[in-house]
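Student: Could you take me on a close look at how one part of this protein is put together? I work with models every day, so please go residue by residue where you can.

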Amino acid sequence: MEAIDILKKYWGHTSFRLNQKEVIDSIIKKQDTLALLPTAGGKSICFQIPALIKEGICIVISPLISLMEEQTRYLRSKGIKSIAISSNMNKSKIETALTNCIYGGIKFLYLSPEKINDNNVLDKIAKMNINLIAVDEAHCISQWGHNFRPAYRSISKLREIKTDIPMLALTATANKNVTKDIQENLNFSKENIIKSSFFRKNLSYVVVNCKSKNDTLIKLVNKIKSSIIIYVGSRRESNEITKFLQNNSFSANAFHAGIDIQKRNKIQNDWKENKIRIIVATSAFGLGINKTDIRLVVHMNIPLSIESYFQESGRSGRDGKTSYSFILYDEKDFKTNYNIIKERNPEIKDLEYIYQKVCDYLQVPINTHPEEDFKFGITDFCNRYKLDIRKTYSTINYLQKEELIKIYDSEKTTSKIKIIVSNSELYKFQIANSFYEGYIKILLREHQNIFGNYVKIDEKSIQKKINRPNIKVRDVFKKLEERGIINYRENNTGTYLKFTQNRKDANNLGISEEKIKLDKERVKEKYENVIKYIKNKKDCRSLILLKYFDEIRSEKCGICDYCIEANKKKIKDITFKNISEKIIKILKEKENSFEEITNKINDHKIDNIEKVINYLFDNDIIYKFGNKFILNKKQLNL
């Protein structure tokens with residue numbers, strides 16, 4: 001079957017867009033390929049179609065569990081066998097999933113990059129008939145990228161196992177340093193970059209120096225009555241701005257890591273289904289979400305890098321209709337961000353201190369590698385040791401980046417138990433406490449290595465076997481823990497911490513001060529590029545962004561704040577006045593789309609009409625609802 005036939009059959013499209021076909025052809029020829037496609041550029045089709053054409057399975061390396069699960073659900077809905085292996089799965093389920101990938105006709109296996117370091121996973125991959133390895137969000141492999149993730153450096157191990165399989169790396173944000181780093185680290189046989197233009201002709205970039213950010217925000221959400229993402233710098237800001245919007249009768253909800261994961265999933269789904277109009281989120285939100293009707297993205301603080309700003313802005317206007325990306329800032333933000341950079345790149349003494357306190361908190365001795373994942377409440381941790389929560393959170397994230405520990409949210413974990421007394425002590429306890437005998441016998445019968453080792457248990461199964469409906473198994477195990485017989489880790493949702501390597505001596509973490517200094521300089525350099533962009537008064541914002549990603553373009557966008565102001569100056573005052581009066585007269589009668597307005601004003605160039613419309617919109621004289629423009633009668637005192 002040809003690529004176009006698969007596109008029609010599974011996706012219902014009759015033609016490819018951007019450079020999709022070029023990327024697909026390159027993969028079919030078994031060429032290592034780096035695809036640079038803009039946000040909403042249809043990156044997933046670039047590996048899904050060649051994988052479906054060829055015999056065997058495609059391995060997809062993806063950074064987020066939610067992203068993997070969403071893509072596998074989508075593929076399965078089309079009858080394509082797909083599976084994702086995540087930290088939410090126990091060893092038995094992972095083993096079954098990997099075996100199915102060898103024998104069960106699975107077409108797509110989604111893995112997190114950390115799983116590449118699991119020897120059992122590598123052994124199973126060696127037995128699979130692999131037709132392609134796809135690396136999503138490939139910029140994470142580079143220290144020059146905006147979201148460096150060390151585990152991505154392990155992906156090259158797959159080349160050692162499957163030497164003749166093509167590698168496809170995909171990203172929407174990479175400059176020349178990052179593209180070089182990606183290809184080198186993935187051991188490309190030769191340089192091969194297929195790049196689409198990052199230009200988004202429908203996306204208007206606007207920067208506003210605000211006296212009151214909240215007042216400006218209210219104007220924006222009143223003007224653009226559609227799905228909106230508002231990005232903020234902290235959980236506190238997310239909660240505060242959400243409450244502010246709700247108090248002003250807007251449908252809004254906060255989204256950040258401090259909210260229970262099940263509640264977060266509900267908030268995200270409600271927003272995707274338009275039950276909530278506005279999401280107020282920290283930067284983690286939005287990756288992999290394909291919602292086409294977002295018309296506005298607002299950054300309430302100055303972003304720390306062009307890459308993150310470009311990626312987050314690109315979530316607006318995926319359907320090709322005119323959409324907006326605003327940065328709202330005040331002069332205090334410049335200094336605030338320098339402090340954040342300092343905070344997120346802590347001193348070595350801070351890393352050593354927090355690492356030691358984490359080990360004390362979880363009671364993990366030196367040179368041990370705990371099998372279990374620990375429930376970790378950062379608020380409780382900070383309260384116990386009298387630590388600043390924001391600084392501590394940044395320090396823990398840095399320790400995670402260095403792969404000493406891993407923090408993750410879990411919707412469901414399996415309960416674990418270990419017996420902490422000797423066999424003879426347990427026997428004496430059973431004789432003296434017959435009530436517990438049945439529970440202990442079940443544990444001993446099903447788990448031979450339970451003495452001194454955590455084993456996974458299923459409370460529901462034990463409840464059925466013990467047949468005491470009025471007594472909860474969880475309560476019994478808690479009592480046994482209180483009496484010093486077992487340690488019981490109850491399954492629960494929440495944040496968990498695991499040690500990714502042996503617990504180290506805090507004074508010898510293997511992190512050099514030189515590396516910390518270099519990381520800080522890179523982040524600072526990225527932020528200073530954002531400052532130049534913010535303070536720009538001389539060029540089209542789209543052209544500045546494209547130049548950062550090594551794309552040279554001469555044609556201006558015509559719809560950013562710089563272009564709108566420049567265009568007004570280009571149109572003769574009499575022409576501008578004439579067009580604006582006609583637009584206002586048309587909109588006094590009823591709302592109209594851009595096409596309807598241009599049809600009614602047939603004595604002026606469409607380009608000039610568009611420039612005037614952009615100016616009127618930017619200055620709050622007209623609003624937009626869907627594809628219709630509405631007159632702001634309050635602004636004109638009508």
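Tutor: What follows is a walk through one sheet and the helix packed on it, with a few stops elsewhere in the chain. Please keep in mind that this is a predicted model.

Let us begin with the sheet. Six strands make it up, and it is open, with the order β8-β13-β12-β9-β11-β10 and parallel pairing. The strands at its edges are β8 (203-209) and β10 (252-255); each has a single partner strand, so one side of each is left without a neighbour in the sheet. On average, neighbouring strands are turned by 15° against each other, direction ignored.

Take the edge formed by β8. Strand β8 runs parallel to β13 (residues 323-329), and seven bridges join the two. If you would like one pair to click on, Asn209 stands opposite Tyr329 in β13.

Now add the helix. Helix α12 (residues 306-313) lies across β8, β9 (227-231), β12 (294-299) and β13. Relative to β12, α12 runs at about 155°. An angle over 145 degrees counts as roughly antiparallel, so that is the word for α12 against β12.

Helix α12 also meets another helix, α21 (residues 513-534): their axes come within 8 Å and cross at roughly 60°. The two helices are therefore oblique to each other. On the α12 side the contact is made by Ile306, Glu307 and Tyr309, and on the α21 side by Lys526, Asn529, Val530 and Tyr533. By character, the residues of this contact divide into four nonpolar, one polar and two charged.

For comparison, here is a strand from another part of the chain. Strand β1 (residues 33-36) is covered on both faces: Thr33 and Ala35 are buried on one side, Leu34 and Leu36 on the other. Behind this pattern is a general rule: in a regular strand the side chains alternate between the two faces of the sheet. Strand β1 has two pairings to follow. Four bridges join β1 to β6 (residues 167-171), and these strands run parallel; here Leu34 has Ala169 as its bridge partner. With β7 (residues 193-195), β1 pairs in the parallel sense over three bridges, and Ala35 is matched there with Ile194.

Helix α1 (residues 3-11) gives a helical counterpart. Its buried residues are Ala3, Ile6, Leu7, Tyr10 and Trp11. Seen down the axis of α1, these fall within an arc of 105°, so they line one face of the helix. The spacing fits a general rule: an α-helix has 3.6 residues a turn, so residues three or four places apart point the same way. The cover over the buried residues of α1 includes α2 (20-28), α3 (43-53) and α4 (65-77). After α1 comes Gly12, with a positive phi near 75°.

Finally, two backbone angles to check in your viewer. Asn187 is not a glycine, yet its phi is positive, about 55°. Asn187 lies in the loop between α8 (176-185) and β7, and is partly exposed, with a relative accessible area of 45%. Asn467, also a residue other than glycine, has a positive phi near 55°. Asn467 is found in the loop between α19 (459-466) and α20 (473-482), and at 60% relative accessibility counts as exposed.

How values were computed
Residues are numbered from 1 along each chain as its sequence is written. This is a predicted model: local features need pLDDT of at least 70, side-chain atom pairs count only at pLDDT 80 or more; totals for chains, interfaces and linings use all residues. Side-chain values use heavy atoms; hydrogens and water are left out. Buried means under 20% relative accessible area, exposed over 50%, partly exposed in between (1.4 Å probe, protein chains only). The arc is that of the directions from the helix axis to the C-beta atoms. Contact means heavy atoms within 4.5 Å. Two strands pair if DSSP finds at least two bridges between them. Axes are lines fitted to C-alpha atoms, for helices over the stretch in contact, and angles run from 0 to 180 degrees between N-to-C directions. Angles under 35 degrees count as roughly parallel, over 145 as roughly antiparallel, 65 to 115 as roughly perpendicular and the rest as oblique. Ala, Val, Leu, Ile, Met, Phe, Trp, Tyr, Cys and Pro count as nonpolar, Asp, Glu, Lys and Arg as charged, and the others, Gly among them, as polar.
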